Amino acid sequence: MIALLKRDLSLSIRAGGGFGLGLAFFLIVTILVPFGVGPQSDTLRLIAPGILWVGALLACLLSLDRIFALDYEDGSLDLLATAPIPLEAVVAMKALAHWVTTGLPLTLAAPVLAVLLNLQGAGFGWLVLSLLLGTPALSMIGAFGAALTVGLKRGGLLLSLLVLPLYVPTLIFGAESVRRGAQGMATTTPLLLLAGLTLASVALLPFAAAAAIRVNLR
Amino acid sequence: MSLWEYANPQKFMRTSQMVLPVLTVLTVLCLTAGLLWGFFLTPEAVNFGSTVKIIYIHVPAALMAINAWLMMLVTSLIWLVRRHHVSALAARAAAPVGLTMTLIALITGAIWGQPMWGTYWAWDPRLTSFLILFLFYLGYIALWEAIENPDAAADLTSVLCLVGSVFALLSRYAVNFWNQGLHQGASLSLDKEENVADVFYLPLLVCIAGFVLLFITLVLLRTRTEVRARRVRALITRERMA
């Protein structure tokens, strides 16, 4: 499992520019928003938590189809499916690799972009914390969506249609905890719910995703 | 005699052929009676004026939008556990009907919202969760359309339906958390003393029965079409092999 994680990490860092692309996308989305809504810093401050969360979510979405597609094409997914470790663990490791290359950099970059959007000082810590808690769920749900569409020729658009509704609860709890944190209110409830969501996804979705992959490899 | 006999497509086709005309007549009767009763023979409600009459379409459609998803969930489970093809096809057949019901509920709600709340749309929890349900239906149907192999499509959409149900439920309560609503609470519960006044309640019940029948009729009809389409496909494949 560790070897698989290492392999996925080095593949995504060395080959094909998937790594960093999500970050650049996040940067561009965040920069485009002020052009759209105007430069008034009060408005930006108000919508900053939502924009940052939606941006992180879209950036995450961008690299989802890479989780399984390349392995499916060159046949290594078949090998992994017949390997001695269970397919559920393979899925979980792949989601983890996706999180390390996408969710984690997004979390670290978010405070920098929050400066551009004038987020209140109190919100920064909550922003990082909520992204840290929430992005693993994004990766895991995304891995499930990618497993559903791995056999399709042009699954990219369908993948977003399937995955985005599943992201709704994560987005709500994540953005809500930043909003509350920025306004100095209590954030325990949304953060706990967010953490619960992440833990439940990590615990249950590998089974659903592995089932989908088995169907697609049949 | 057990329910599972209908898993045999032939048996299903024979029975549904007999049941379908009866259901159609009942649907037309219920809907005509309920809607006419509701539209012309009930008084106007105190605070609503004549806009209250939209309730006879809005409420049954909303009810069926949710029940259609529940039915898809059950048939998906049956497909996953017992591999009955009719069950998978019924889930496929129900999805567009559910999508339409969701859309009807959203649109009639918007039309009703304009005079009552002064806006066509508000980000109220109920409205928002219906919009999310709409997206789930879209994704489900799109996945069915996208996959060539019918068995794989049935499997994958069933898994999506299961996971989607959990997340749809989560979203329903998450949006509650996110915004408080304009929409009134439940007023048709069976276990409550106070419901909508009887003048409106009785025709509404008839309308709900009509919509349930309409849903069953449409799903049976569409399932029959799916079964036939599957047969045609099998015949074409056999031709090619020969």
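**Exercise 1. The contact between the chains**

Determine how many residues each chain contributes to the contact between chain A and chain B in this predicted model, and characterise the side belonging to chain B.

*Solution.* Step 1: the contact draws 19 residues from chain A and 22 residues from chain B. Step 2: on the side of chain B that touches chain A, helix H4 (125-146) and helix H5 (150-178) each provide at least two residues. Step 3: H5(B) gives the most to this side, with 13 residues. Step 4: sorted by class, the side of chain B that touches chain A comprises 19 nonpolar, 2 polar and 1 charged residues.

**Exercise 2. Helix H7 of chain A**

Establish the span of helix H7 of chain A, locate its kink, and state how many of its residues are buried.

*Solution.* Step 1: H7(A) runs over residues 123-149 and has 27 residues. Step 2: from first C-alpha to last it reaches 37 Å, close to the 39 Å expected at 1.5 Å a residue. Step 3: a kink of about 30° is found at A:Gly134, shortly before the proline A:Pro136. Step 4: H7(A) is mostly covered, with 22 of its 27 residues buried. Step 5: an unreviewed UniProt entry annotates residues 123-150 of chain A as a transmembrane region; over these residues the chain is 96% helix and 0% strand.

**Exercise 3. Helix H9 of chain A**

Describe the span and burial of helix H9 of chain A, and identify the residue with positive phi that follows.

*Solution.* Step 1: H9(A), residues 168-182, reaches 21 Å, close to the expected 21 Å. Step 2: 15 of its 15 residues are buried. Step 3: A:Gly184 follows H9(A), with a positive phi near 75°.

How values were computed:
Residues numbered from 1 in each chain as written. Chains lettered and ligands numbered in written order. Predicted model: local features only at pLDDT ≥ 70, side-chain atom pairs only at ≥ 80, totals over all residues. Helix = DSSP H or I, 4+ residues; strand = E, 2+ residues; numbered from the N terminus. Expected span 1.5 Å × (residues − 1). Buried ≥ 20, exposed ≤ 12 C-beta atoms within 10 Å, placed from the backbone. UniProt positions renumbered as here; feature names shortened; annotations may be inferred. Bend = angle between axes of the 7 residues up to and from the residue. Contact = placed C-beta atoms within 7 Å. Nonpolar A, V, L, I, M, F, W, Y, C, P; charged D, E, K, R; others polar.
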